Amino acid sequence: MPFHQAFARAARVSTPSNTFKVSQALSSQCRTRLRTSPVTPARLYSLTSRSRPSGPTIASHLTRRWSRTAIYTTGRALSTRPLPNTKSRVYRYAYRSFAALGFVVLSLGGVLTAVFIYDATTYRMGPANEDVSVSEVALNPRRGGPKNLPIAEHLIDDDDSPSKKNQKHKPKLVILGTGWGAVSLLKNIDPDEYHVTVVSPSNHFLFTPMLPSATVGTLDLRSLVEPIRPIVARVDGHFLKAMAQDIEFSEKLVECTAVGPNGENQSFYLPYDKLVVAVGSVSNPHGVKGLDNCHFLKDTNDARLIRNTVIRNLETASLPTTTDEERKRLLSFVICGGGPTGVEFAAELYDMLNEDVVKFFPKILRCEISVHLVQSRGHILNTYDETLSRYAEARFAHDSVDVQTNARVKEVKPDRILFSQKDEQGKDIVKEIPMGFCLWSTGVAQTEFSRRLADKIEVQKNKHALETDTHLRLIGAPLGDVYAIGDCSTVQNNVSDHIVTFLRTLAWEKGKNPEDMQITFSDWRSVAKKVRQRFPQAADHLRRLDRLFQQYDKDKSGTLDFGELRELLIQIDSKLTSLPATAQRAHQQGTYLAKKLNRMAQVAPGMQLNQVDYGDLDESVYKAFEYHNLGSLAYVGNAAVFDIGGMNFAGGLMAVYLWRSIYFAQSVSFRTRFMLAMDWTKRGLFGRDLMNF
């Protein structure tokens, strides 16, 4: 019987249950037939399509089977040997697993090899000696100034590179400090326009928002600091590890003091054309006695001392010779101040005690540990939205963190803290908390240098910060020479004090006496425009000019006289608040000042050509500083709160990861980002390092 007829017959008599048997019976005929007349899948399907209804299903199956058989046997030169058996599923899984593992091993090996090759290129085998030209004036500076000190008119690295040589005769920009404002200014300043010199006793930048995490070992201190010299080198600048002591405004000299080769203090003058004061702040004592028994949290040394004290208290409490009363006192941790720093430290401390101490220290310690937070206001995080403050308080209550609100600290003694609260009758009651550790975090105050500078300028009346105008110029200093940014300064928002200036300008335009002039609504719009330009922070209070005009036009005359306008501006002045002493504000001020200085350097040749060297040059070339609040966030113990652009939300671990992501993105370099990621991973895998150092 011909092959195709036999195939069609088999298809007609077959059912889905015996398809396999039919296909096996025809396999030998198929191989024999393929030697002389191979049957294509199309022909097989056409032959079987004329069979019974079940035929097409069987035919399609046979078509696929015989197609594979024809292809395989044709590739094997029409061999009559049986087809090879396929491998088992376990074999295929094991093969793929070992292949993937081998790929990973080879990839890691390649990466490690590349790292070692790169590392080998970073070593220098021979000496790097070369001839260096140094100015004689730099090696032997002349003396002068009120105290006859050496004047560093030229620095010993002024000739180290061609770019530095070109900067030698550029305007001298001196920056005091290495904080947020100074680093932001350095990152945005044009290196071709200024001879930049940074003076600071700290040769690193500190990422202060995450400093509480370093006090308990969640992060390493090295992950929060960035060496300042690489940042200064990007603008071909110079760094001097010294401390500013005084400023001679008339001679444009900064008096600096540094530690000499034998440990003695050496003083010198550093000349400037533009001076930026960014020396930061210190903790505000508020007149409380006994603060020498407290710890502060402003720099890396403070964080290291806090960590050592906490671990020492835990180790001492574990000794068999420690009494129960003394153990409870050693394990009582008190935080004075319910701001972001105090709250985040309390949260980090609780996390360490709850997650690590219970694993490696006697269990009795966890039962006797107590954390107390003393806040002078009605809520912690009082600058945040009230719902977020209540969320943080509820979180601390759940974690057994004692929060004392409306409490004012009277005195801090070596073994206890005294504070007062009002009872139900409104009387002050003095209470005390035994403590083995106390952190003082209650606002900021002026550094010694800032106080000395304020005392030197009569118009500086603020006792907490140096006052600047809206162009960040130090009030009382020569106009356009000295600027102040960051925590050491505050922008003066005295709108009412400038009312005479506004009215005189308007009166001169109309040829009238300011005190007798009646101001119409169109005149009021002109005054409001000038107020916005001079004080950008007042813009939010001048949105509805028509309502303000109608509200203070008490006689309904359709005009405002001198007294009514003065009352209006005083009301606006009272609503303006001081800018917050945060890293966010300092960063914005540094960026603003760098852009303004770049602009002033660009227009300087034209001004010199026209002999313009007087007047308010800052205001003529650049707008006033305007602060934009980008939001606030805080960590509250495996949870975080956010107050961003009027949107308030809080949450658990997902919010914590968002909190970390924001600060991770704000780090100043890839190095610190990499180390932050490694520290968080290390804490998750191995826990915190519970040791002194």
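This is a tour of selected stops in a predicted model, in an order that can be followed in a viewer.

**Stop 1: helix α15**

Select residues 386-398, which make up helix α15. Does the distance between its ends agree or disagree with what its residue count suggests? The 13 residues should span 18 Å at 1.5 Å a residue, and the end C-alpha atoms are 18 Å apart, so the two agree.

Now show the side chains of Leu-388, Ser-389, Ala-392, Glu-393 and Phe-396, which are the buried residues of α15. They cover an arc of only 140° around the axis, so they sit on the same side of the helix. The general geometry helps here: an α-helix has 3.6 residues a turn, so residues three or four places apart point the same way.

Turn the view to the face of α15 that points away from the buried side. Ala-397 and His-398 are there, and they are exposed.

What covers the buried residues of α15? Colour the following elements, which are included in the cover:

- helix α13, residues 340-360
- strand β14, residues 370-374
- strand β15, residues 401-404
- strand β25, residues 640-644
- strand β26, residues 647-651

**Stop 2: Ser-400, after the helix**

Move along the chain to Ser-400, in the loop between α15 and β15. Its phi is positive, near 65°, in a residue other than glycine. Is Ser-400 buried or exposed? With a relative accessible area of 63%, Ser-400 is exposed, the cut-off for that term being over 50%.

**Stop 3: Asn-148, another positive phi**

Select Asn-148, in the loop between β1 (143-144) and β2 (149-150). Phi of Asn-148 is near 55°, again a positive value in a residue other than glycine. Asn-148 counts as partly exposed, at 46% relative accessibility.

**Stop 4: the sheet β16-β17-β18**

Select strands β16, β17 and β18. They form an open sheet of three strands in that order, with antiparallel pairing. Which strands stand at the edges? β16 (408-412) and β18 (428-434) do, and each has a single partner strand, so one side of each is left without a neighbour in the sheet. With direction ignored, neighbouring strands of this sheet are turned by 25° against each other on average.

Next, look at how β17 (residues 416-422) meets β18: the two run antiparallel and are joined by seven bridges. To see a particular pairing, label Ser-420 and Val-430; Ser-420 stands opposite Val-430, which is in β18.

**Stop 5: Arg-416, in β17**

Stay in β17 and pick Arg-416, which lies in this strand. Arg-416 is partly exposed, at a relative accessible area of 24%. Which residues does Arg-416 touch, leaving aside those up to four places away in sequence? They are Glu-432, Ile-433, Pro-434 and Met-435. For a distance to check in the viewer, take Arg-416 to Cys-438: the C-alpha atoms are 8.9 Å apart, and the residues are 22 apart in sequence.

**Stop 6: Glu-325, in α12**

Pro-434 leads to the next selection. Its C-alpha is 9.8 Å from that of Glu-325, although 109 residues separate the two in sequence. Glu-325 belongs to helix α12 (residues 324-330). At 69% relative accessibility, Glu-325 counts as exposed.

**Stop 7: Ser-283, in β12**

Go to Ser-283 in strand β12 (residues 282-283). Ser-283 is buried, at 15% relative accessibility, a value that falls below the cut-off of 20%. Show its contacts, not counting residues up to four places away in sequence: Phe-296, Lys-298, Trp-440, Gly-443 and Ala-445.

**Stop 8: aromatic rings**

Finish with the aromatic side chains. How many aromatic pairs does a search of the whole structure find? It finds eleven. One to select is Phe-642 with Phe-649, a stacked pair with ring centres 4.8 Å apart and 15° between the planes. Colour the two by accessibility: Phe-642 is buried at 0%, whereas Phe-649 is partly exposed at 35%.

Last, select Trp-180, Phe-205, Phe-207, Tyr-635, Trp-659 and Tyr-663. Ring pairs link these residues into a cluster.

Definitions and conventions. Residues numbered from 1 in each chain as written. Predicted model: local features only at pLDDT ≥ 70, side-chain atom pairs only at ≥ 80, totals over all residues. Heavy atoms only, no water. Phe/Tyr/Trp six-rings, centres within 6.5 Å; stacked < 30°, edge-to-face > 60°. Buried < 20%, exposed > 50% of the residue type's maximum accessible area, 1.4 Å probe, protein only. Pairing = 2+ DSSP bridges. Helix = DSSP H or I, 4+ residues; strand = E, 2+ residues; numbered from the N terminus. Axes fitted to C-alpha atoms, helices over the stretch in contact; angles between N-to-C directions. Expected span 1.5 Å × (residues − 1). Arc of directions from axis to C-beta. Contact = heavy atoms within 4.5 Å.
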